Amino acid sequence: MLKLLIAARDSVKMTQEDLAAALEETQSFVSKCERGQRRLDVVELRMWCSALNVSYTKFMRDLDDLSIPRAAGTSSRPQKERK
């Protein structure tokens, strides 16, 4: 997740200072989050994505795609149960 947070910020060419200002936080707060010294709750993560103008839903899909090891050719989306 930390790599995705940094990549999202880098993709919009924001510095930690820029993001901190958008979040009304300190640069130290952003740095601690990106280094894993401070965790973000889901509300904070949504605010973080919003400040970066990054879709929270897409961010979570990207995170999910990295988090779940799957066999080649399988989807990351759960399949509907067949009746």
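Just after helix H3, Gly36 takes a positive phi of about 85 degrees. Helices here are DSSP runs (H or I, at least four residues) numbered from the N terminus. The model is a predicted one, in which local features need pLDDT of at least 70 and side-chain atom pairs count only at pLDDT 80 or more, while totals for chains, interfaces and linings use all residues. Residues are numbered from 1 along each chain as its sequence is written, and side-chain values use heavy atoms, with hydrogens and water left out.

Within H3, the buried residues are Phe29, Val30, Ser31, Cys33 and Glu34. Buried means under 20% relative accessible area, exposed means over 50%, and partly exposed lies in between (1.4 Å probe, protein chains only). The cover over the buried residues of H3 includes H1, H2 and H4.

The largest nonpolar core has 18 residues, and Phe29, Val30, Leu40, Leu45 and Trp48 touch the most other members. A nonpolar core is a set of buried Ala, Val, Leu, Ile, Met, Phe, Trp, Tyr and Cys residues joined through side-chain atoms within 4.5 Å. At least two residues of this core come from each of H1 (2-11), H2 (16-23), H3 (27-35), H4 (42-52) and H5 (56-67). The most is given by H4, with four residues.

Contacts are heavy atoms within 4.5 Å. Leaving aside neighbours within four places in sequence, Leu45 is in contact with Met1, Leu5, Leu40, Tyr56, Phe59 and Met60. Under the rule that leaves out residues up to four places away, Cys49 touches Val54, Tyr56 and Phe59. The C-alpha atoms of Cys49 and Leu5 are separated by 8.6 Å, although the two are 44 residues apart along the chain.

Three residues can be set side by side by their relative accessible area.

| Residue | Helix | Relative accessible area | Class |
|---|---|---|---|
| Arg9 | H1 | 9% | buried |
| Val43 | H4 | 52% | exposed |
| Cys49 | H4 | 2% | buried |

The side chain of Arg9 makes a polar contact with the side chain of Glu34 at 2.6 Å. A polar contact is a pair of N or O atoms within 3.5 Å; within protein, one must be able to donate a hydrogen and the other to accept it, and residues adjacent in sequence count only if both atoms are side-chain atoms. Not counting residues up to four places away in sequence, Arg9 touches Met14, Thr15, Gln16, Leu19, Glu34 and Leu52.
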